[in-house]
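This report looks at selected strand pairings and aromatic contacts in one protein chain. It begins with ring contacts and then turns to the sheets.

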Amino acid sequence: MEFHKNCGNGITKWRCFVPYPRVTTSLICLMLFFLQSDAQIRYSIPEEMRKGSLIGNVAQDLGLDLKRLRSGRARIVTGENVQYAELKTDKGTLVVNERIDREQLCGDVTPCSFTFEILLENPMELHPVTIEVLDVNDNAPTFQSKQLDFEISESATTGSRFNLEAARDADVGENGLQNYVLNPNDHFVLKHIFKSDGSKTIYMTLQNALDREKEPRLNLKLVAVDGGSPERSGTVNINIVVLDINDNAPVFNQSIYKATVTENSPKGTHILTVNASDIDSGTNGKVIYSFSTSKESIVDLFDIDRDSGKINVAKGIDFELHKKVLLSIDAKDHGGLTDTCDVEIEIIDVNDNAPVINVMSFSSPVSEDSPVGTTIGIINVKDLDSGENGQVRCAVEGSAPVEVKSNVRNYYALVTNAPLDRESVSDFNITVIASDSGKPPLSVTKTFNLKISDVNDNPPVFTRALYSATITENNSPGFSVLSVVAKDPDENQNARVSYILEECDIGGSPVSGYISVNSENGVISAARSFDYEQTKQFLCVIKAQDGGSPPLSSNVTVKILVQDQNDNGPQVLYPVLTGGSLVAEMVPRSADVGYLVTKVVAVDVDSGQNAWLSYKLQKAADRALFEVGLQNGEIRTIRQVTDKDAVKQRLAVIVEDNGQPSRSATVIVNVVVADSFPEVMSEFTDFTHDKEYNDNLTFYLVLALAVVSFLFITCVVVIISVKIYRWRQSRVLYHSNLPVIPYYPPRYSDTLGTATLPHVYNYDTCRTTDSRKSDIKYMQPMSQSLVSVDDVGTESAQNGQQRSTASTLTLC
């Protein structure tokens with residue numbers, strides 16, 4: 001047995017001798033070394049070992065532990081060849097997987113070996129293994145023919161040669177054919193000639209002349225013996241018929257013929273012509289050509305014309321099977337004399353084999369976050385042609401982010417050369433093209449479909465940068481305001497978006513008390529009924545979070561505007577009627593057309609058109625005397641006052657907003673048409689009490705006495721306070737050039753410059769129900785706004801002069 005290991009400059013051999021042929025399942029002598037990560041190891045084993053017989057411990061010889069074999073998914077790669085060996089990854093050993101017949105595997109080729117690779121992944125390692133199959137002497141030499149027949153003239157000269165059929169022994173080396181033995185006789189001796197290919201040509205040489213009369217026939221035996229131990233042999237009978245004189249044998253004009261032929265040449269293609277001449281005449285000089293006994297598989301490839309010696313192609317010739325053919329041609333005359341020549345035919349290779357792609361491994365899907373340079377597959381590319389026709393180039397077609405790299409002959413790794421992004425391309429085809437260097441080149445393609453698996457590398461993205469919505473106030477809780485939508489380009493769980501309302505405060509209250517968000521569809525609903533007068537708008541933040549691990553999120557701001565409804569009616573600020581007071585506006589009889597009587601002031605807490613107010617005169621004693629401004633609420637005279645006009649005028653003014661439907665409020669304005677105050681009092685006494693005088697006078701007198709006493713004390717305190725207030729006010733006005741502004745309730749912005757009257761007379765009187773004849777006290781005119789006092793003893797200090805003739809009367 002022999003073991004070989006590549007050692008850089010040469011090959012080191014170890015040989016171990018084992019008794020033959022008794023080597024069966026006993027341990028085979030082997031030795032090995034390995035180089036770096038792709039060491040080549042070689043084992044030698046005899047043929048015909050039983051299945052399961054140990055070849056060697058590759059784990060130990062390669063320096064690998066069993067865990068590495070399992071994690072690297074170690075396996076044997078044989079391509080399309082028969083897998084004669086099996087790798088036991090649990091033990092790290094190689095065992096025989098199929099019966100190995102050296103003669104079937106290699107034929108006459110020696111040494112006989114087959115090669116395979118042990119492939120490991122993560123990282124990829126490739127360890128070539130060569131197993132040399134040693135010959136066992138299990139074949140005896142055999143002759144193709146059962147017997148050899150010769151017709152030899154008795155005139156054959158001493159030294160004439162007669163070619164014999166060579167025996168075949170499928171074994172090689174020492175077990176192959178070693179010698180021939182011809183049984184002893186008086187006429188022939190056995191001789192042989194060594195050919196250039198190492199084979200022997202055997203022939204008989206006539207040693208003593210034949211005498212047909214004495215021995216017309218000769219029976220000889222030719223024995224072929226091999227060199228095995230014990231030796232094996234084969235025998236063929238030689239029958240010789242002695243003919244009458246033919247004393248000249250054919251002679252070839254050259255001993256060796258050489259020719260070339262292209263593989264796959266069509267049947268009938270002429271290769272060459274051999275020529276042998278015989279100086280005899282007649283039938284003794286006619287030469288017949290034939291193939292000498294050779295391997296059947298080779299002889300079947302060619303035809304020879306028995307008369308002309310032309311050699312033609314008989315069937316397809318494959319360079320991959322036969323690179324050079326050596327034929328023996330016999331030229332034989334009718335007298336049985338022969339000559340032999342050799343024909344050496346060289347087969348020329350053509351590029352008739354396309355590369356073959358074998359997939360060793362392919363990983364799909366691949367995570368999109370795989371780094372550049374990740375190996376996704378391993379392929380093996382082979383071409384049976386030789387020379388340039390067998391040189392293969394491998395590349396990736398198209399724009400796929402994958403390239404081909406090769407660190408081991410005929411093996412290529414598919415690695416990524418760019419980042420992968422599932423959101424851009426979720427899967428793509430990788431087309432690998434392998435082409436040889438022939439002319440024209442042959443190529444083959446292999447397509448792989450690579451799927452990209454998703455990782456959570458994209459946060460949800462809202463379709464808008466800002467969402468806004470409007471909701472009408474007084475809505476019902478649970479009303480859907482709007483929907484927010486976020487898209488996540490990832491897939492499956494990584495793209496499942498949940499919507500979350502971020503915590504914040506609105507006016508000191510949590511935002512969850514105002515709205516809620518559906519975590520599945522992003523629908524924002526009102527959690528309460530909104531009041532525009534309290535909350536006009538607010539902002540909130542919605543977070544969209546995916547279901548990845550870890551989750552990614554993004555935020556968006558939502559602006560919600562509350563839309564006003566006409567849910568508030570107008571509120572009259574002036575004139576104001578209290579329970580115990582009656583305010584009336586005085587219009588002199590000398591008032592001109594357009595005289596400003598007073599102004600109705602109203603507000604509406606709604607907004608927009610819901611707060612646009614209009615004023616209408618709904619009821620009046622004389623509608624031809626007064627009118628009210630539609631927009632400003634000013635009550636003016638529309639004609640001159642006459643003596644026929646009633647002193648007391650009761651005007652009903654309705655204030656309407658512009659909402660749908662509109663809301664309204666009504667205010668009663670009392671107007672007195674008179675030039676003097678005494679003229680007014682008698683009328684207003686009846687107007688105030690409406691004849692509600694009754695017989696309970698005693699009760700009212702007691703009540704009036706109590707009220708007057710209380711008011712007296714209160715008025716003393718008020719008078720002192722007012723005196724102090726007026727004194728301080730006069731000091732402020734003394735240094736101010738601003739006009740005196742009439743007083744109106746807050747939020748009424750039109751009171752400056754549009755007071756009820758430019759100047760007001762203020763008459764202050766207090767009377768009991770039966771004091772109709774009491775005198776009236778006239779006060780000094782003042783330039784400030786109307787002051788209505790319901791208590792006795794209240795007086796107002798007034799500075800300035802009064803030019804207006806209008807008066808305001810306050811009665812208690």
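In this predicted model, Y84, F114 and F116 form one aromatic cluster. A search of the whole structure finds 12 aromatic pairs, and two pairs that share the ring of Y514 are described here in detail.

**Rings around Y514**

The ring of Y514 and that of F530 are stacked, with 6.2 Å from centre to centre and 25 degrees between the planes. This contact links distant parts of the chain, since Y514 is found in the loop between strand 40 (509-510) and strand 41, F530 is found in the loop between strand 42 and strand 43 (537-545), and the two residues are 16 residues apart. Both Y514 and F530 are buried. In the pair of Y514 with F538, the ring centres are 5.5 Å apart and the planes stand at 55 degrees, so this pair is tilted; a tilted pair is one whose planes are neither under 30 degrees apart nor over 60. Because Y514 lies in the loop between strand 40 and strand 41 whereas F538 belongs to strand 43, the pair ties together parts that are 24 residues apart in sequence. F538, like Y514, is buried.

The ring of Y514 also has a charged group over it, namely the charged end of R528, which sits 4.5 Å from the ring centre. A further contact of this kind involves R161, whose charged end sits over the ring of Y203 at 4.9 Å from its centre.

**Two open sheets**

Strand 41, which follows the loop that holds Y514, belongs to an open sheet of 3 strands in the order 36-42-41, with antiparallel pairing. Strand 36 (480-483) and strand 41 (515-517) are the edge strands, each with a single partner strand, so one side of each is left without a neighbour in the sheet. From one strand to the next, the twist averages 20 degrees. Strand 41 and strand 42 (residues 523-526) run antiparallel and are joined by 3 bridges, and within this pairing V517 has I524 of strand 42 as its bridge partner.

Another open sheet, also of 3 strands, has the order 4-7-6 and antiparallel pairing. Here the edges are taken by strand 4 (54-57) and strand 6 (85-88), and because each has a single partner strand, one side of each is left without a neighbour in the sheet. Neighbouring strands of this sheet are turned by 25 degrees against each other on average, with direction ignored. Between strand 4 and strand 7 (residues 93-96), which run antiparallel, there are 3 bridges, and G56 has L94 of strand 7 as its bridge partner.

**Pairings of strand 51**

Strand 51 (residues 634-637) pairs in the antiparallel sense with strand 47 (residues 596-599) through 3 bridges, and with strand 50 (residues 626-628) over 3 bridges as well. The table gives one facing pair of residues for each of these pairings.

| Strand paired with strand 51 | Residue | Opposite residue in strand 51 |
|---|---|---|
| strand 47 | L596 | R636 |
| strand 50 | F626 | T637 |

Which residue takes a positive phi in the hairpin of strand 50 and strand 51? In that hairpin, which has 5 residues between the strands, the residue is G633, with a phi near 75 degrees.

Methods: Residues numbered from 1 in each chain as written. Predicted model: local features only at pLDDT ≥ 70, side-chain atom pairs only at ≥ 80, totals over all residues. Heavy atoms only, no water. Pairing = 2+ DSSP bridges. Helix = DSSP H or I, 4+ residues; strand = E, 2+ residues; numbered from the N terminus. Axes fitted to C-alpha atoms, helices over the stretch in contact; angles between N-to-C directions. Phe/Tyr/Trp six-rings, centres within 6.5 Å; stacked < 30°, edge-to-face > 60°. Buried < 20%, exposed > 50% of the residue type's maximum accessible area, 1.4 Å probe, protein only. Lys NZ or Arg CZ within 6 Å of the ring centre and 35° of its normal.
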